[in-house]
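User: Hi! I'd like to go through this model with you, one question at a time. Could you take a look?

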Amino acid sequence: MSFSIKNICCIGAGFVGGPTMALMAEKCRNLIFNVVDINKQRIAEWNNKDFSKLPIYEPGLEEIIKKTRNKNLFFSTEIEDAIRSADLIFISVNTPTKTNGLGAGKSSDLKWVEASARQVAKFAEGHTIVVEKSTLPVRTAEVIESILNSTLSGLNKDKKTFSVLSNPEFLAEGTAIQDLENPDRVLIGGEDKEAMLLLSKIYKNWVPDNKILFTNIWSSELAKLTSNAFLAQRISSINSISAICEVTGADIREVSRAIGLDTRIGSKFLDSGPGFGGSCFKKDILNLVYLAEYFGLEEVAKFWEEVVHINIWNQKRIAKIVVKKLFGTISQKKIIILGFAFKANTNDTRESSAIKICKDLIEEGAELIIHDPKVNPIQIEADLKIKPKPLNNEASKTFLNSNSGSWRFSKDLNIFDGSHAILVLTEWEEYKNIDWNYVAKKMVKPAWLFDTRSVVNVELVKKSGINLWLIGDGGI
Ligand code: UDX
Ligand code: ADP
């Protein structure tokens with residue numbers, strides 16, 4: 001084997017590319033990792049001297065970046081140079097669901113993958129292993145391969161060669177570093193055995209042999225979509241049962257525990273909540289639906305599509321319950337939203353249930369105060385597509401004249417004065433320790449607390465006199 005890997009490039013410094021390369025750089029000190037992105041601001045943030053201002057919040061990430069940045073891990077916008085010097089390139093760019101054209105609303109938009117592949121085709125030198133890391137529809141490797149190969153003609157053909165592999169990432173946000181450090185499995189799909197072995201050699205620096213799986217390229221791509229579809233399906237299943245609990249007097253926590261003890265089912269991913277969010281679940285299921293429809297498997301498509309429908313229904317259901325409990329109207333009522341991220345320990349809001357729920361409440365006229373320890377209010381504004389209510393009194397009066405409600409952000413929890421209700425949407429640790437007795441005194445009576453994440457201490461809330469609605473609890 002004459003070809004060896006020394007320089008690695010990752011195109012895309014996002015939620016996947018950034019943490020993955022950081023962990024790899026920590027584990028493989030003899031390799032150089034160049035993480036490149038077209039987004040100058042994002043790269044500047046990765047290079048920020050203040051390590052607490054990295055663009056992504058992940059427990060443990062800061063410490064790793066401190067150890068590796070500008071040693072064997074580099075963040076830059078010099079895409080061409082990084083491609084030129086790379087022996088192996090991870091493609092880790094965004095692949096959102098298409099908003100228009102063929103497959104709109106279901107299939108992934110591959111324009112960023114295609115642009116990256118074209119850049120690789122143009123600037124790569126010698127032999128290069130190209131690895132798809134982003135979650136991609138099945139048979140994307142084929143697209144990448146055909147773009148790369150189309151540049152190989154005449155003399156060029158002797159100088160440039162490519163091997164395309166699929167190596168999907170299974171990290172979950174909030175536990176990314178833990179997941180990367182101790183993965184359940186590392187999946188490497190491809191046909192070029194030598195390239196597969198070279199990639200596995202990188203992982204073998206910290207992952208045991210028996211956790212590294214070789215498959216063909218399509219199985220690897222489909223396994224990634226299927227993993228996410230199965231996980232999301234468990235959440236839709238438990239959320240549908242949660243609604244049954246609420247009307248029958250059962251308690252979803254007890255039901256989850258009881259079914260999770262069956263080793264065939266297992267106890268993970270059985271927490272009922274406001275609905276799944278995140279960049280992957282919905283997108284991957286819709287990709288699967290598109291694939292099934294494309295091949296004429298209508299029943300299969302309908303089966304998976306229902307997992308997404310139930311999720312949307314669940315988000316709508318929460319907003320409706322709030323309105324119903326507050327006597328059918330929330331117009332001009334102050335409602336505190338605790339948590340906007342799609343899960344705890346991340347600043348990511350993509351597909352967060354909080355977006356839909358907050359929008360519905362604002363539409364009903366509520367005045368929301370949104371708190372989240374990590375999410376930036378600029379991101380909330382972009383997600384809600386509604387400007388925050390101005391702090392200035394005069395400006396806020398005219399603002400209030402509009403029929404719908406409003407929102408405002410708070411970075412502290414000194415926000416309960418005059419509120420009618422509190423809605424817990426993300427399971428941040430700090431919400432577990434709120435002094436409900438103190439909060440109760442500040443709220444308008446009858447005061448309501450809606451806990452969609454089962455984080456509050458039920459006894460303490462009950463003692464405080466605040467009315468409690470707890471997800472999946474029909475016994476309250
Ligand atoms: C997911 C997959 O877990 C990961 O393997 C893949 O690489 C990317 O997609 P992520 O979206 O980051 O990871 O987070 P995950 O922990 O899976 O949570 C997704 C959503 O499901 C969150 O909104 C979370 O709150 C929700 N969830 C999760 C529940 O509602 N209940 C649960 O029991 C678990
Ligand atoms: P993920 O969660 O999959 O990591 P993100 O949206 O967080 O997705 O990150 C993807 C990154 O890829 C973004 O920072 C985006 O600017 C970058 N990107 C997209 N296209 C290109 C490209 N052609 N070259 C370099 N970077 C790109």
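User: Happy to start with a backbone detail: in which loop does asparagine 70 lie, and what is its phi?

Analyst: Good place to begin, keeping in mind that this is a predicted model. Asparagine 70 sits in the loop that runs between helix H3 (61-68) and strand E3 (73-76). Most residues other than glycine have a negative phi. Asparagine 70 is not glycine, yet its phi is positive, near 65°.

User: Thanks! What is the geometry of the peptide bond from lysine 445 to proline 446, cis or trans?

Analyst: For the location, proline 446 is found in the loop between helix H17 (436-442) and E13. As a rule, most peptide bonds are trans. The bond from lysine 445 to proline 446 has omega near -10°, and that makes it cis.

User: Now the sheet: in what order do the six strands of the open sheet come, and which strands stand at the edges?

Analyst: The pairing in this open sheet is parallel, and the order is E11-E10-E9-E12-E13-E14. Each edge strand has a single partner strand, so one side of it is left without a neighbour in the sheet. From one strand to the next, the twist averages 20°. The edge strands are E11 (406-410) and E14 (467-470).

User: How many bridges join strand E12 to strand E13, and which residue in E13 stands opposite alanine 421?

Analyst: Strand E12 covers residues 421-424 and strand E13 covers residues 448-451; they run parallel and four bridges join them. Opposite alanine 421, in E13, stands tryptophan 448.

User: Which strands does helix H15 touch, and what angle does its direction make with that of E11?

Analyst: Helix H15 (residues 377-384) packs on the sheet, where it touches strand E10 (367-371) and E11. Angles here run from 0 to 180 degrees between N-to-C directions. The direction of helix H15 makes an angle with that of E11 of about 160°.

User: On to the ligands. Which residues come nearest to ligand 1, and which helix gives the largest share of its shell?

Analyst: There are 19 residues around ligand 1, and the nearest are Phe170, Glu173, Asp271, Lys343 and Arg453. By class, the shell divides into eleven nonpolar, two polar and six charged residues. Its largest share, four residues, comes from helix H10 (residues 217-248).

User: What polar contacts does ligand 1 have with phenylalanine 170, leucine 270 and lysine 343, and how much of its accessible area does the protein cover?

Analyst: An oxygen atom of ligand 1 lies 2.8 Å from a backbone N or O atom of phenylalanine 170, and one lies 3.3 Å from a backbone N or O atom of leucine 270. With lysine 343 the partner is a side-chain N or O atom, 2.8 Å from an oxygen atom of the ligand. Of the 660 Å² of accessible area that ligand 1 has on its own, the protein covers 91%.

User: And ligand 2: which residues are closest, and how much of its area does the protein bury?

Analyst: Ligand 2 is surrounded by 17 residues, the closest being Phe15, Val16, Asp37, Arg42 and Arg350. A backbone N or O atom of valine 16 is 2.9 Å from an oxygen atom of the ligand, while a nitrogen atom of ligand 2 is 3.5 Å from a side-chain N or O atom of glutamine 119. Taken alone, ligand 2 exposes 580 Å², and the protein buries 89% of that.

User: Last one: which helix gives the most to the shell around ligand 2?

Analyst: The shell around ligand 2 divides into seven nonpolar, seven polar and three charged residues. The helix that gives the most, with three residues, is H5 (residues 111-123).

Note on methods
Residues numbered from 1 in each chain as written. Chains lettered and ligands numbered in written order. Predicted model: local features only at pLDDT ≥ 70, side-chain atom pairs only at ≥ 80, totals over all residues. Heavy atoms only, no water. Pairing = 2+ DSSP bridges. Helix = DSSP H or I, 4+ residues; strand = E, 2+ residues; numbered from the N terminus. Contact = heavy atoms within 4.5 Å. Near = heavy atom within 4 Å. Polar contact = N/O pair within 3.5 Å; in protein donor to acceptor, adjacent residues only side chain to side chain. Areas by Shrake-Rupley, 256 points an atom, 1.4 Å probe, with all protein chains shown as cover. Nonpolar A, V, L, I, M, F, W, Y, C, P; charged D, E, K, R; others polar.
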